[in-house]
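Colleague: Could you pick one part of this model and go through it slowly with me? I'd like to see how the pieces sit against each other, and then how that part fits into the whole.

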Amino acid sequence: MSTSPKTRDEATGPVVESGPEEGGTHHDHPGEAQYIKIALILAAITAVEVAFSYWEAVEGILAPALIAMSIVKFVMVVAFFMHLRFDSRLFRRLFIAGMGLALFCFTAVLTTFHVWTR
Amino acid sequence: MSTTVTASSGSHTEIDPGHPPTSTGLTNEKVAMWSFLGSECLLFGALISTYLLFKGQSLPGTIQPVDVFDIPYTSVSSFVLLMSSLTMVLALAAIQRGDQRLTRVWLLTTALLGASFVAGQAYEFTVFVREGMNLRVNLFSSSFFVLTGFHGAHVTIGVLMLLSLYSLSMRGKLPPSKAETVELVGLYWHFVDVVWIVIFTLIYLIP
């Protein structure tokens with residue numbers, strides 16, 4: 001019987017024997033230069049968000065535009081900095097389950113109280 | 001019996017050497033952390049929804065967001081927290097390649113950036129209280145303080161965890177084989193960052 005760590009391919013596939021060179025390594029995560037690029041993009045989006053909040057010309061589309069930009073930032077941090085894009089699907093499912101449940105419950109609550117049509 | 005299969009490219013399901021085999025092939029700690037973060041979505045979802053529900057419902061003549069919010073100041077705080085996510089991920093990259101010195105540098109930088117954010121929030125709260133806001137004055141101030149206070153408490157806990165990691169590293173108790181510990185603290189740290197991304201937009205920027 002082997003004592004080497006066992007893994008499953010994407011948490012759903014067959015059990016695999018991981019060699020010693022695989023344990024604890026993260027070959028496909030972005031490199032440091034890529035992390036810095038992502039941080040610069042996030043900073044730029046934040047700057048645009050703040051500029052938009054002062055720009056009267058975009059007042060009509062301010063809320064949707066700001067929400068769209070914040071979703072982009074959210075997804076970038078979760079996908080790249082939290083490595084959800086590269087990690088096991090199980091982690092993605094756990095996080096999306098919590099996020100989805102929260103979105104569903106609280107959208108229902110806010111809709112019940114007519115928050116969108118005030 | 002197990003089948004030896006080459007793990008597909010892009011998947012990071014391997015467990016650390018020395019960790020007992022698990023039925024999922026994933027470490028229990030990481031599964032627990034992602035489950036915890038999923039449940040935290042519900043906590044912050046409830047707090048954000050409460051703020052939105054009470055938005056514009058405060059008694060006329062009492063303090064309103066437009067009277068107190070200082071967008072440029074909060075933007076700088078947001079930038080600080082965003083950059084702390086970068087330093088956190090750099091700390092993880094450093095420990096994964098076995099660079100202890102850079103790991104400590106980035107962990108300490110992340111803790112300092114987080115502490116700056118908390119200090120900024122404490123200052124902001126002080127200003128708001130001087131302007132007449134408190135937990136009981138109206139719906140806006142109660143829901144605002146509860147939401148941002150909970151978030152600030154999370155950041156404070158994160159700073160304490162980072163300082164603990166720094167202390168462990170200084171004593172030589174954070175070898176590269178324990179990189180997953182840094183990763184778990186990192187996941188928590190990035191989560192408080194993404195929560196702030198949502199709070200900053202919904203509470204501060206959208207009038």
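Modeller: Let's start with a word we'll need: when the directions of two helices differ by an angle over 145 degrees, we call them roughly antiparallel, while an angle under 35 degrees counts as roughly parallel. Keep in mind as we go that this is a predicted model.

The part I'd pick is helix α3 of chain B, which covers residues 71-96. One partner to look at is helix α4 of chain B, residues 100-130. How far apart are the axes of α3(B) and α4(B), and at what angle do the helices pack? Their axes lie 8 Å apart, and the angle is about 160 degrees. That angle is over 145 degrees, and α3(B) and α4(B) are therefore roughly antiparallel to each other. Their crossing is left-handed. As for what lines the contact between α3(B) and α4(B), you'd count 15 nonpolar residues, nine polar ones and one charged one.

Let's zoom in on a residue of α4 in chain B, namely B:Thr103. Is B:Thr103 buried or exposed? Its relative accessible area is 0%, and the cut-off for buried is under 20%, so B:Thr103 counts as buried. If you skip residues up to four places away in sequence, what does B:Thr103 touch? The answer is B:Ala91, B:Ala94 and B:Ile95. Those three numbers fall inside the 71-96 range of α3(B), which puts you right in the contact we were just talking about. Now try B:Ser78: in sequence it is 25 residues from B:Thr103, and in space the two C-alpha atoms are 24 Å apart.

Back to α3(B), because there's another partner to meet: α6(B). Here the axes are 10 Å apart, and the packing angle is again about 160 degrees. By that angle, α3(B) and α6(B) are therefore roughly antiparallel to each other too. The way α3(B) passes α6(B) is a left-handed crossing. Sorted by class, this contact holds 16 nonpolar, eight polar and two charged residues.

For a close-up on α6, which spans residues 179-205 of chain B, find B:Trp189. With a relative accessibility of 0%, B:Trp189 counts as buried. Which residues is B:Trp189 in contact with, leaving aside its neighbours within four places in sequence? Among them are B:Leu81, B:Ser84, B:Ser85 and B:Met88, whose numbers sit within the 71-96 stretch of α3(B). The list also includes B:Thr110 and B:Gly114, with numbers inside the 100-130 stretch of α4(B). Then come B:Val155, B:Gly158, B:Val159 and B:Leu162. Take B:Thr110 as an example: it is 79 residues from B:Trp189 along the chain, yet their C-alpha atoms are separated by 9.3 Å.

Something similar turns up at B:Ala46, in helix α1 (residues 28-54) of chain B. B:Ala46 and B:Leu147 are 101 residues apart in sequence, with 9.2 Å between their C-alpha atoms. B:Ala46 has a relative accessible area of 27%, so it is partly exposed.

Now step back to chain B as a whole. It comes to six helices and zero strands. Its C-alpha atoms fill a box of roughly 70 × 35 × 25 Å along the principal axes. Of its 207 residues, 52% are buried. Among its contacts with a separation of 6 or more, 77% join residues 24 or more positions apart. Chain B exposes about 8600 Å², with 67% of that supplied by carbon and sulfur atoms.

And chain A? There you find three helices and two strands, running β-β-α-α-α from the N terminus. Of its 118 residues, 42% are buried, and residues 24 or more positions apart make up 44% of its contacts with a separation of 6 or more.

One last thing to look for in chain A is phi. Most residues other than glycine have a negative phi. A:His83, though, has a positive phi of about 65 degrees. You'll find A:His83 in the loop between α2 (62-81) and α3 (89-112) of chain A, and at 2% relative accessible area it is buried. A:His114 also has a positive phi, near 55 degrees. A:His114 sits in the segment after α3 of chain A and, with a relative accessible area of 52%, is exposed.

Technical notes. Residues are numbered from 1 along each chain as its sequence is written. Chains are lettered from A and ligands numbered from 1 in the order in which they are written. This is a predicted model: local features need pLDDT of at least 70, side-chain atom pairs count only at pLDDT 80 or more; totals for chains, interfaces and linings use all residues. Side-chain values use heavy atoms; hydrogens and water are left out. Axes are lines fitted to C-alpha atoms, for helices over the stretch in contact, and angles run from 0 to 180 degrees between N-to-C directions. Helices (H or I, at least four residues) and strands (E, at least two) are DSSP runs, numbered from the N terminus. Angles under 35 degrees count as roughly parallel, over 145 as roughly antiparallel, 65 to 115 as roughly perpendicular and the rest as oblique. A crossing is left-handed if the near helix is turned anticlockwise from the far one by less than a right angle, and right-handed if clockwise. Ala, Val, Leu, Ile, Met, Phe, Trp, Tyr, Cys and Pro count as nonpolar, Asp, Glu, Lys and Arg as charged, and the others, Gly among them, as polar. Buried means under 20% relative accessible area, exposed over 50%, partly exposed in between (1.4 Å probe, protein chains only). Contact means heavy atoms within 4.5 Å. Accessible areas come from the Shrake-Rupley method with a 1.4 Å probe; for residues, only the protein chains shown count as cover.
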